[in-house]
Amino acid sequence: MRVRRWTRTSGIFTASVGVVAVALALVPFNFGSDVIQKLTSLLILIILATMWNALAGYGGLVSVGQQAFIGVGAYATLYFAGQGIPPYVAMLLAALFSGLLALAISPFALRLRGAQFAIGMWVTAEILRILVTLNSSLGGGTGLSLIQLNQYDPIYQQAFTMWIALGFAVVLIATLFILLRSRMGTSLQAIRDDEEAAQSLGVRVGVTKRTLFVLAGAGCGAAGTVIIANSHFVNPGSIFSVQWTALIIFMVLVGGLGTFEGPFIGAILLFAIETVFSAGGAWYLVGLGATAAAFAVFLPAGIWGTVQHRLGIQLLPVGYYVEAVKPAKEGSAA
Amino acid sequence: MIWLNAVIQGVLLGGFYALLACGLSIMFGVMRIINLAHGDLAVLGAYVVWLLLSTYHVPLALAVVVALAVMLALGYLLQLAVLDRSLRSGVLTPLLATFGLSVVVQNALLIAFSPDVRSLGGDAGSLAISSWRLTSEISLPLLGVLTLAVAILVVEGLQAFLRRTTLGAQWRAASEDAEAARVVGIDASRIYAAATALAVAIAALGGIALALRSTFEPSAGPTQLIFAFEAVVIGGLGSLRGTLIGGILLGIAQALGSVVNPQYAVLAGHLVFLAVLAGRNSGLLSAARWQALRPRGGVTT
């Protein structure tokens, strides 16, 4: 027996992801503001989908309240920028702050399971929304603009915002990739299969789940801070809206819950749909909701999970390939 | 006096939350699933009544009866077409499926009925505005008392059904262990469908109560779901009487909060909910009788 992580396909693909990231970084030099802004929106979707998938697909924690962190990311950016910190530094601080918030509430949140966790997080988001609404220094119910960005030329604003979004996406996704390839990836698989059994075998369930929860909190906060930098304005009703979760669940379920590549596919698909149907509108949301429900019930592995199952390939190697080796060959590691 | 009045109004408000939450509690008790579309189905029930009243001008009572029948059928179909399948693939799938359903119902209502805020209060006549004056500062609104009475009737009726009838025993058997129930000739799928039908109809009753006491709109569902879930959790997951008490506690918390500042009402309810979650994680009345059921597996991929 021999265990391999890399195949030729996954090696080529992982390298090409790096190339794509570099190519994206060059976009602001070659394209207009419309393209830059659209790409930023796509990066926001990718961050949200991968981070929610980290929590639900690998941690088994379905959250209906990640908008809590999106909102905190956006409002923390406003707050830090209001304190005189340069807005782009404020964005980084806001993402870190969201991660810290996740760490702070994790002892409480991670005691919950299933629907209690899902709705407990939702209520947390609602509480934050109400608190922001009651706070006039954060603009109350009407919202606030990130005016500090206006000191930069609009074309630089968009470029900087996109680079930060790209930076967040690369760092967050690389972190998840490394975590899943570390011992934690195996632990997660054990927890997902049977939490009690995993615990009794010495898997540190608490630490593992907390790591994902904090990563997802920081990640959604990062998305929130990019959202406000991209749109310059935020109000509590929309940033803390459960609509974000609706979009996220669509992306992850369609792409493939619990697969590393699925959320990317889901995000690109949603982005394409948004572009074609010019986003919003009740019919559009009916379609998204129905598709998500249909995938949950009839194709729970999503597009990528199904492809992976049929073809047995993995483009970004977070798993293992166990293959038989002829006995004559040198020592095996199993 | 202000505080006493707040507690009394809170109890009545709590009757409304209990009614709203009953269906959620039934579905959790029987199938161990939380229906995230519960609030939207409640609002849908209110719209069915509104449609019957405004289009066919039938009496309110008849409209309510027809709406409940429609919602029963809808719940039955929902279980057979969607939820029954989702039950087979772990605890997270029903959550995801019903969340998708919630988005669908909410936006379908928006398309069908526009985002306008509506109320059935005007159609209810004296029912919506009558009250008993106890002292100069305290009065009991008829509708509030009626809602609480209906909630108690529903809870006690269900309790008696589950405890004392053969069919009730079959429901309990199907919830304890669907496979074993099947062995002794109980069709768990049909029982689940009947439970969902009942849950959706009672949700509609809650939605109608909402429409009578205040206003409703297509996007009102998620808030109702949160309140219903809070009532269920405060009272203890899986216990029907617990849900009644949980609803009342939630109502009291909100009423007391609103004495301090009307904007704190909902916040106070949320905080009590989180405190209960953080505290014992089992609610006030433990759900021992449903607890024998084990969760079904983990994430499916």
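These are numbered points on the helices and the nonpolar core of a predicted model.

1. Residues are numbered from 1 along each chain as its sequence is written, while chains are lettered from A in the order in which they are written. Because the model is predicted, local features need pLDDT of at least 70 and side-chain atom pairs count only at pLDDT 80 or more, whereas totals for chains, interfaces and linings use all residues.

2. Helix 4 of chain B runs over residues 92-113 and spans 32 Å from its first C-alpha to its last, close to the 32 Å expected at 1.5 Å a residue. Of its 22 residues 17 are buried, so helix 4 of chain B is largely enclosed by the rest of the structure (buried means that 20 or more other C-beta atoms lie within 10 Å of the residue's own). Just after this helix, B:Ser114 has a positive phi of about 65 degrees.

3. In the largest nonpolar core, which holds 214 residues, A:Ile47 and B:Val49 touch the most other members (such a core is a set of buried Ala, Val, Leu, Ile, Met, Phe, Trp, Tyr and Cys residues joined through C-beta atoms within 7 Å). Helix 9 of chain B, residues 188-213, gives the most to this core, with 19 residues.

4. Helix 1 (residues 2-31) and helix 6 (residues 142-164), both of chain B, pack with their axes 7 Å apart and at an angle of about 30 degrees. That angle makes helix 1 of chain B roughly parallel to helix 6 of chain B (angles under 35 degrees count as roughly parallel). Among the residues of helix 1 of chain B that meet helix 6 of chain B are B:Gly15, B:Phe16 and B:Cys22.

How values were computed. Helices (H or I, at least four residues) and strands (E, at least two) are DSSP runs, numbered from the N terminus. The expected span of a helix is 1.5 Å times one less than its number of residues. A residue is buried if 20 or more other C-beta atoms lie within 10 Å of its own, exposed if 12 or fewer, and partly exposed in between; C-beta atoms are placed from the backbone. Axes are lines fitted to C-alpha atoms, for helices over the stretch in contact, and angles run from 0 to 180 degrees between N-to-C directions. Angles under 35 degrees count as roughly parallel, over 145 as roughly antiparallel, 65 to 115 as roughly perpendicular and the rest as oblique. Two residues are in contact if their C-beta atoms, placed from the backbone, lie within 7 Å.
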